[in-house]
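Biologist: I'm new to reading structures. Could you walk me through one, feature by feature?

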Amino acid sequence: MPDETLAQPAPVEIRIENLSIAFDRTEVLKDIDLVIEPGEFFAFLGPSGSGKSTLLRAIAGFGPRPSGSIRIDGEDVAGLPPYQRNVGMVFQSYALWPHMTVRKNVAFGLEERRVPAAEIRRRVDEALDTVGLSDLAERRPSQLSGGQQQRVALARTIVIRPRVLLLDEPLSNLDANLRIQMRHEIHSLQRQLGLTTVFVTHDQEEANTMADRIAVLNDKILQQIGAPMALYDKPRNLFVAEFLGTTNAIPGAVVNGLFKADGGIEVPASNAPTDGKVLVFRPQNALVERADQASNGDVVRFEGHVSHMEFLGSIIRYTVEVGPHRVLVDEPHRTGIMPVGTGEKVLLRLDPAQTVVLAN
Amino acid sequence: MQSFIRTPSVAAWIAIGLALFLFAFLVLPIAKVIYVAFQDPNTGALTLVNFADFFGATLFQQSFINSFYAAGMSVLLATAIAIPLAYYTTRFNFEGSILIQTLGIVPLIMPPFVGAVAMVLLLGENGSVNLLLDEWFGFTIPFMDGLNGVILVESIHYFPFILINLSAALNNIDRAMEESAQNLGSQGARLFRRIVFPLAMPGYVAGASLVFIKVFDDIGTPLLLNINNMLAPQAYLRISSIGISDPMGYVISVMLVGFSLFSLWVSFLAMRGKDYATVQKGGGGLAKRDMRPWEKTICYGIIVVILVFVLSPHIGLTLLSFGTVWSFSVVPDGFTLAHYSSIFENATSYITNTLLYAGIAASADVVIGTAIAYLVWRTKLVGRKWLDYTAMGALAIPGVVLGIGYLRTFHDFQVPIIDQPLATWWVIIVIALTVRRLPYALRACVAALQQVSVMLEEAAENVGATKATTVRRIVVPLMSGGIMAGFVTSFATASVELSATIMLVSQESDAPLAAGIYEFMQSASGRGPGAALGMFAVVIVGLGTYLSHLLIERGKREREAVAIVAEEVKFHA
């Protein structure tokens with residue numbers, strides 16, 4: 001059912017070009033180029049200090065003036081003060097004003113825009129209804145739970161019909177159960193509004209579950225952009241590979257289309273860069289086979305032995321020693337199937353198509 | 001005896017002793033004052049006739065209005081001084097911040113009445129500034145004319161209370177509070193009015209109500225400026241000139257207490273439920289930016305003007321203490337050390353009395369403060385909170401009211417052996433100082449005790465120490481930094497306390513520094529020596545303030561070291 005008041009303007013694009021930011025003389029972001037498509041749910045993912053929050057704040061107009069450009073719907077906003085950008089931001093701490101009721105908090109942005117009182121009332125009610133807080137309009141922020149506070153912060157932001165929505169670590173102040181619930185709610189709210197939305201997180205699971213695409217940031221630099229699965233399966237560098245989940249990384253070299261490492265490891269790598277130095281694959285992409293049950297297939301096998309076995313519930317994680325390398329292998333645990341014992345000689349089976357050779 | 005000490009009754013006995021002390025020297029005298037105010041002076045029956053008389057007399061109506069006006073205007077002027085200073089330090093990256101912090105301390109090390117006379121000589125009708133203005137431009141400014149003088153002197157002495165509270169409140173605002181308003185389209189003055197100011201309001205009100213009551217209760221400043229028609233001075237004058245049976249002094253006392261309670265209540269209301277300390281991890285305080293050159297110029301300009309006013313009592317006092325004759329001239333006619341030497345010849349008793357009184361009072365304060373703190377926070381005695389409340393209640397009692405209460409209650413109480421009424425014995429001055437300073441010492445002791453983990457006590461008891469030993473060997477040593485800071489602050493402020501003292505000094509030889517300065521300053525010839533004594537007061541308070549600052553800083557560093565260990569313990573647990 002189309003809802004007239006909640007209808008947001010058509011989603012817009014955010015185009016960041018050649019962006020660098022420095023605090024005093026310390027550079028915190030360098031040469032960022034990135035395009036966020038209209039209506040996309042986009043994540044900035046990175047460890048603390050990677051510059052992801054700085055990048056988000058720069059879109060909203062906070063922090064030092066960046067060099068380069070930030071275009072929202074084609075308009076370069078890099079020089080505009082925050083209050084002229086119409087970019088909605090939900091702060092990590094929610095930043096609800098403690099001296100105002102929930103209603104007053106939500107109405108604030110509309111009052112600043114000199115919207116007529118009757119319309120303010122209607123739109124505030126609408127926004128509170130959207131986040132399910134109609135009953136609490138007259139409460140003070142201090143009387144709300146963390147989850148309710150976050151909904152108020154969301155309502156306060158979407159009520160002004162911002163061009164884009166920015167969320168700074170939206171789930172970090174919530175406990176584990178609420179986190180999963182809000183993950184779904186924020187996701188469906190974003191779909192409902194159709195707003196171009198960017199959120200910052202250091203948690204890859206959060207990014208994977210919510211985002212259409214992720215930009216991984218580390219050490220001032222944009223490491224890789226892509227859909228969650230693409231980043232996970234085809235990381236461009238070792239940092240991305242490791243930040244997105246447990247990975248095996250075996251140092252070696254590419255020789256004549258083969259990745260070679262000590263311990264007799266040879267993996268076909270015809271598309272690998274010639275300066276490839278490390279073979280990367282996820283533990284669940286390797287298999288252990290008992291030495292006597294070898295089968296055919298388009299795979300490679302290496303001799304090794306199981307040095308350690310961990311039972312993690314749904315999976316069993318083996319540490320297989322192949323020459324000097326320790327390789328993690330995850331296999332699903334199924335009731336009644338006996339795991340390979342520690343010390344047993346095995347073959348490590350690997351599909352070259354499920355590996356990546358990286359130069360760094 | 002071991003088993004006796006183990007029983008909780010020792011704590012109970014100490015609590016009873018403290019309760020008796022507070023009852024005799026705080027509750028009883030104040031109850032007496034209130035009772036007398038409602039008593040017919042002739043028949044002794046309860047009546048409202050005294051209040052009717054009070055509001056019927058033009059002098060008292062005038063006094064009432066004047067006190068209100070002076071206190072209110074002082075708050076406004078103090079606010080006008082404090083706001084730009086607080087704003088500069090919290091909003092800008094400003095090299096002058098150190099200067100502003102200094103500005104916030106300097107006035108506090110001199111009680112306002114000490115500088116009052118010096119201010120007249122600098123800024124009065126025939127003072128240095130107006131002489132120059134008249135000569136150069138042909139006009140004068142009535143800085144010190146009538147109530148203007150009281151307002152100016154009080155506000156430049158008490159604005160730090162507003163500055164400190166307001167700065168703290170501004171620094172406690174989470175930056176995201178401001179950023180989220182900007183994000184929603186707010187900026188500039190509107191943002192300040194709708195977000196920043198309301199968030200800083202509780203801190204401001206707390207500071208402002210403190211200034212209001214300080215001015216309302218002050219007697220030294222108006223009296224030295226020859227302003228008699230204000231409430232607190234009237235209370236003093238009625239009792240000292242007409243006698244302790246005159247009901248007007250008591251009526252005024254009731255009003256002073258009433259207004260003190262009222263302003264404490266206002267500041268309580270302002271703070272209640274509004275713990276706006278919204279700082280989250282990620283840094284507090286408003287976004288700071290660099291100043292543009294012209295902003296910097298304006299900023300320094302304003303600071304220099306304020307600095308000149310704030311330092312004027314100090315400058316005036318220094319000139320006065322070294323000057324020969326200073327009248328109708330910009331600076332004294334000549335300079336001399338005679339005032340200091342005359343002080344050392346004739347007036348050393350003021351200094352020795354002060355050291356004695358303030359020393360005893362401050363010691364008593366930290367002993368009582370530690371005892372109450374321990375009883376309240378570490379025992380389960382019934383009614384222990386009331387010890388705390390009662391001791392803190394002294395905050396609401398102006399010195400002049402306490403003095404009147406003592407005179408009335410103890411004038412016919414003969415002290416055994418020395419055979420003298422307690423009200424005229426010097427010890428009563430010490431008791432008054434002790435009671436007056438107790439709230440501050442108590443808060444310092446409570447803060448110190450709260451830094452001592454109960455686990456440390458339990459560890460001592462676990463290896464066999466009795467409660468008494470634990471307190472003596474573990475608790476008190478660990479509290480010592482805070483206790484020392486409390487002692488020094490009590491000592492420094494008690495040594496310049498005037499309002500209660502002035503009521504209770506019955507003979508010259510018992511008079512402490514503040515009373516001596518007040519006496520000297522009354523006559524033109526006494527101003528020089530009075531100023532020299534005043535310089536001693538400034539030095540004592542200044543040293544005390546510095547020392548207590550050092551002690552608190554050192555305590556903080558030690559605690560940080562301990563806190564790291566405690567964190568690790570928590571982590572491993």
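Modeller: We'll go through the chain contact, the core and some strands, and keep in mind that this is a predicted model.

Biologist: How many residues does each chain bring to the contact?

Modeller: Chain B and chain A bring 18 residues each. On the side of chain B that touches chain A, α9 (175–183) and α10 (188–217) of chain B each give at least two residues. The largest share there, seven residues, belongs to α9(B).

Biologist: And what sort of residues are on that side of chain B?

Modeller: Sort them by type: you get eight nonpolar, eight polar and two charged.

Biologist: Now the core. Which residues have the most contacts inside the largest nonpolar core?

Modeller: A:Leu348 and B:Cys445, in a core of 276 residues. Helix α19 (residues 426–450) of chain B provides the largest share of this core, 15 residues.

Biologist: What does B:Cys445 touch?

Modeller: Leaving out residues up to four places away in sequence, its contacts include B:Val366, B:Ala373, B:Met479 and B:Ile483.

Biologist: Last one: how do I read strand pairing?

Modeller: Look at direction, then at partners, then at the turn. β17 (residues 300–311) and β18 (residues 315–322) of chain A pair in the antiparallel sense over six bridges, with A:His308 opposite A:Thr319. They form a hairpin with three residues between them, and A:Gly313 in the turn has a positive phi of about 95°.

Biologist: Which strand comes next to β18(A)?

Modeller: β19 (residues 325–332) of chain A, antiparallel over eight bridges. There, A:Arg317 has A:Asp330 as its bridge partner. This hairpin has two residues between the strands, and A:Gly323 takes a positive phi near 55°.

Key:
Residues numbered from 1 in each chain as written. Chains lettered and ligands numbered in written order. Predicted model: local features only at pLDDT ≥ 70, side-chain atom pairs only at ≥ 80, totals over all residues. Contact = placed C-beta atoms within 7 Å. Helix = DSSP H or I, 4+ residues; strand = E, 2+ residues; numbered from the N terminus. Nonpolar A, V, L, I, M, F, W, Y, C, P; charged D, E, K, R; others polar. Core = buried A, V, L, I, M, F, W, Y, C linked by C-beta atoms within 7 Å. Buried ≥ 20, exposed ≤ 12 C-beta atoms within 10 Å, placed from the backbone. Pairing = 2+ DSSP bridges.
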